[in-house]
Amino acid sequence: MKALGHVFKYGDNVDTDVIIPARYLNSFDAQELASHAMADIDPDFVNKVKPGDLIVANKNFGCGSSREHAPLCLKTAGVSCVIAETFARIFYRNSINIGLPIIECPEAARGIEAGDEVEVDFDSGKIYNRTKGTEFQGQPFPEFMQKLIAAGGLVKYTNSKNK
């Protein structure tokens with residue numbers, strides 16, 4: 001399983017309240033939420049993000065509230081993977097639950113820039129920056145995690161097993 005796309009780069013402490021601002025939480029429609037993703041820190045994000053693109057950030061991505069909409073918002077907008085030095089634990093859990101792959105890799109977070117084209121191989125954990133020709137080693141995704149991602153998250157995976 002792989003991801004390939006261009007990078008949107010953010011700094012430390014990107015709060016879930018910034019990923020999807022509270023004023024847009026009156027909708028539970030994933031497409032509607034995605035149309036406001038990152039609106040307060042990157043107003044052009046929703047106009048530029050393409051399916052497969054990645055987010056790379058520094059420390060503590062997804063901190064703040066336990067806003068479960070944040071990973072869904074990013075995934076629906078087209079983000080195929082988030083790479084960061086560290087994630088807030090609640091964001092990590094919520095991402096797994098909806099099938100958004102996230103990777104902690106400090107070297108990649110520091111060595112990848114906005115606009116770089118990056119390929120992630122979830123089987124091997126390799127993160128290849130095609131723009132710069134550099135490679136980073138993240139943790140490979142265990143088979144069960146890849147099944148969750150392929151199914152679209154924990155609930156969909158569980159439902160498919162119950163049928």
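**Exercise 1. Work out how exposed the two ends of the Glu143–Lys147 pair are, and where the pair sits in this predicted model.**

Start with Glu143: its relative accessible area is 57%, which is over the 50% cut-off, so this residue counts as exposed. Now take Lys147, which comes out at 38% and is therefore partly exposed.

Next, check the pairing. The closest N and O atoms of Lys147 and Glu143 are 3.3 Å apart, and the two form a salt bridge.

Finally, place the pair. Both residues belong to helix α7 (residues 143-151), and their spacing of four residues is about one turn of the helix.

**Exercise 2. Find which parts of the chain the Asp116–Lys132 salt bridge links, and say whether each partner is buried or partly exposed.**

First the distance: Asp116 and Lys132 bring their closest N and O atoms to 3.8 Å, and they form a salt bridge.

Then the location. Asp116 is in the loop between α6 (106-111) and β5 (117-121), while Lys132 is in the loop between β6 (126-129) and β7 (134-137). The partners are 16 residues apart, and the pair links distant parts of the chain.

Now look at the cover. Asp116 has a relative accessible area of 6%; that is under 20%, so Asp116 is buried. Lys132, at 42%, is partly exposed.

**Exercise 3. Trace the salt bridge between Glu117 and Arg130, then look for a network around it.**

Step one: the closest N and O atoms of Glu117 and Arg130 lie 4.0 Å apart, and the pair forms a salt bridge.

Step two: Glu117 is in strand β5 and Arg130 in the loop between β6 and β7, so this bridge ties together parts that are 13 residues apart in sequence.

Step three: both partners turn out to be partly exposed, with Glu117 at 25% and Arg130 at 38%.

Step four: widen the view. Salt bridges link Lys2, Glu117, Glu119 and Arg130 in a network. The total count of salt bridges comes to eight.

**Exercise 4. Describe the largest nonpolar core, and pick out what Ile55 touches.**

Begin with the core itself: it has 28 residues, and Phe45, Ile55, Phe61, Leu74 and Phe91 are those with the most contacts inside it.

Then ask where the residues come from. At least two each are supplied by β1 (2-10), α2 (30-34), β2 (54-57), α4 (69-77), β3 (81-84) and α5 (89-98). The top contributor is α4, with four residues.

Zoom in on Ile55. Once you set aside neighbours within four places in sequence, Ile55 is in contact with Phe8, Tyr10, Phe45, Phe61, Leu74, Val79, Cys81, Val82 and Ile83.

Don't stop there: a second, separate core has 20 residues, including Cys81, Cys105, Ala108 and Phe136.

**Exercise 5. Decide whether the chain's radius of gyration agrees with that of a compact globule, and sketch the overall fold in numbers.**

For 163 residues, a compact globule would have a radius of gyration near 15 Å; the chain has 15 Å, so the two agree.

For the extents, the C-alpha trace spans about 45 × 40 × 25 Å along its principal axes. The secondary structure adds up to eight helices and seven strands.

For burial, 47% of the 163 residues are buried. The accessible surface is about 7,900 Å², with 51% of that belonging to carbon and sulfur atoms.

Last, the contacts: of those between residues at least 6 apart in sequence, 65% join residues at least 24 apart.

Conventions
Residues are numbered from 1 along each chain as its sequence is written. This is a predicted model: local features need pLDDT of at least 70, side-chain atom pairs count only at pLDDT 80 or more; totals for chains, interfaces and linings use all residues. Side-chain values use heavy atoms; hydrogens and water are left out. A nonpolar core is a set of buried Ala, Val, Leu, Ile, Met, Phe, Trp, Tyr and Cys residues joined through side-chain atoms within 4.5 Å. Buried means under 20% relative accessible area, exposed over 50%, partly exposed in between (1.4 Å probe, protein chains only). Contact means heavy atoms within 4.5 Å. A salt bridge is a side-chain nitrogen of Lys or Arg within 4 Å of a carboxyl oxygen of Asp or Glu. The radius of gyration is taken over C-alpha atoms; the globule rule is 2.2 Å times the number of residues to the power 0.38. Accessible areas come from the Shrake-Rupley method with a 1.4 Å probe; for residues, only the protein chains shown count as cover.
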